[in-house]
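Thanks for making time for this. I would like to walk you through one model, taking the helices and the way they pack in turn.

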Amino acid sequence: VPFSIAALEMEKNSCEYTSGVLRYVSDPDPALRAEAAHDIGDFTERHAVYMRLATNEHERALGRKVEAEHGKLIAAGNALMDERDRLDAVFDQTADLLERIDDTLDGPLLAAIPRAGPERGAALAAMQDVEAETAEVGFWLTLFKFRPTPSARTRLLEKVREQHDAATNLRRLPLGAEARKVEATLHEYHRRVAANVRELLAGETTISARALQFDQQATAIDDIF
């Protein structure tokens with residue numbers, strides 16, 4: 001009975017670890033990561049009991065096999081959670097860049113553009129266009145983070161292109177030397193936003209593919225049990 005219980009507990013810990021990782025990928029709660037680490041420790045303890053109580057080479061061979069496969073599962077699961085953390089950091093950085101764009105438009109650039117004449121009117125209109133497109137990027141970026149559907153992906157890319165077009169129109173205006181320096185900083189923010197969005201889109205695709213492989217690895221371990 002203790003031998004069978006050890007095997008059942010290993011299976012339970014393996015399933016709970018798998019479930020916790022997949023939940024973390026969807027909702028990166030630190031408590032889920034802590035639970036996953038606890039499940040790893042429990043598996044190790046139960047495996048030691050199993051191997052101590054094994055009475056023949058067949059049972060010991062199964063124990064070694066499941067330990068090796070579980071090691072692969074842990075490596076894949078931890079890599080998945082690390083990738084989710086990395087992408088969340090990129091998202092936070094991108095959100096900060098969007099805030100910087102907004103602050104630069106309303107602060108330094110507004111103060112630096114011509115104070116009168118048709119140039120000011122054209123600059124204000126172009127700045128308002130950039131600000132509106134930046135807000136749209138922020139909206140679709142947040143939506144994509146929580147619901148990374150194909151539609152959200154397409155719209156986010158569209159909005160980044162529209163933001164780029166608006167920023168390009170602003171860059172073409174005769175802004176003056178002081179405003180041009182501020183606009184160069186603004187342009188760099190836009191460039192980094194576009195690069196981050198591409199990284200986020202690629203990362204979400206990678207996570208989806210790896211999550212599927214991870215689930216298949218968990219099924220293979222369950223078959224051993």
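What follows is a short account of helix packing, with two residues looked at more closely along the way.

Please keep in mind throughout that this is a predicted model.

Let me begin with helix α2, which runs over residues 30–53. At 1.5 Å a residue, its 24 residues should span 34 Å, and the end C-alpha atoms are 35 Å apart, which agrees. Which residues of α2 are buried? They are Leu32, Ala36, Asp39, Phe43, His47 and Tyr50, and the buried residues of this helix pack against α1, residues 2–26, and α3, residues 57–112. As for the spacing along such a list, an α-helix has 3.6 residues a turn, so residues three or four places apart point the same way.

One member of that list deserves a closer look, namely Asp39, which is a charged residue in helix α2. Its relative accessibility is 8%, and because the cut-off for buried is under 20%, Asp39 counts as buried. Leaving aside residues up to four places away in sequence, Asp39 touches Asn13, Glu16 and Tyr17. Asp39 also lies 9.2 Å from Met10, C-alpha to C-alpha, although 29 residues separate the two in sequence.

Now to the pairs of helices. Two packed helices are described by the angle between their axes and the distance between the axes, and I shall use both quantities for each pair.

For α2 and α3, the angle is about 170 degrees and the axes are 11 Å apart, which makes α2 roughly antiparallel to α3, because an angle over 145 degrees counts as such. The residues in this contact divide into nine nonpolar, four polar and seven charged.

For α3 and α6, the axes come within 8 Å and cross at roughly 160 degrees, and these two helices are therefore roughly antiparallel to each other as well. The crossing of α3 past α6 is left-handed. By class, the contact of α3 with α6 has 27 nonpolar, nine polar and 13 charged residues.

While we are on α3, consider Ala76, which has its place in that helix. Is Ala76 buried, partly exposed or exposed? At 30% relative accessibility, Ala76 counts as partly exposed. In sequence, Ala76 and Asp215 are 139 residues apart, yet in space their C-alpha atoms are 9.9 Å apart.

The last pair is α4, residues 118–146, with α5, residues 150–171, whose axes come within 8 Å and cross at roughly 160 degrees. They are therefore roughly antiparallel to each other, and α4 passes α5 in a left-handed crossing. On the α4 side, the contact includes Ala123, Met127, Val130, Val137, Trp140 and Phe144, while on the α5 side it includes Ala152, Leu156, Val160, Gln163, Ala167 and Leu170. The residues of this contact divide into 14 nonpolar, two polar and seven charged.

Helix α4 itself has 29 residues and reaches 43 Å from its first C-alpha to its last, close to the 42 Å expected at 1.5 Å a residue. Its buried residues include Ala126, Glu133, Thr134, Gly138 and Leu141, and the buried residues of α4 pack against α3, α5 and α6, the last of these being residues 177–224.

That is where I will stop, and I am glad to take questions.

Definitions and conventions:
Residues are numbered from 1 along each chain as its sequence is written. This is a predicted model: local features need pLDDT of at least 70, side-chain atom pairs count only at pLDDT 80 or more; totals for chains, interfaces and linings use all residues. Side-chain values use heavy atoms; hydrogens and water are left out. Axes are lines fitted to C-alpha atoms, for helices over the stretch in contact, and angles run from 0 to 180 degrees between N-to-C directions. Helices (H or I, at least four residues) and strands (E, at least two) are DSSP runs, numbered from the N terminus. Angles under 35 degrees count as roughly parallel, over 145 as roughly antiparallel, 65 to 115 as roughly perpendicular and the rest as oblique. A crossing is left-handed if the near helix is turned anticlockwise from the far one by less than a right angle, and right-handed if clockwise. Contact means heavy atoms within 4.5 Å. The expected span of a helix is 1.5 Å times one less than its number of residues. Buried means under 20% relative accessible area, exposed over 50%, partly exposed in between (1.4 Å probe, protein chains only).
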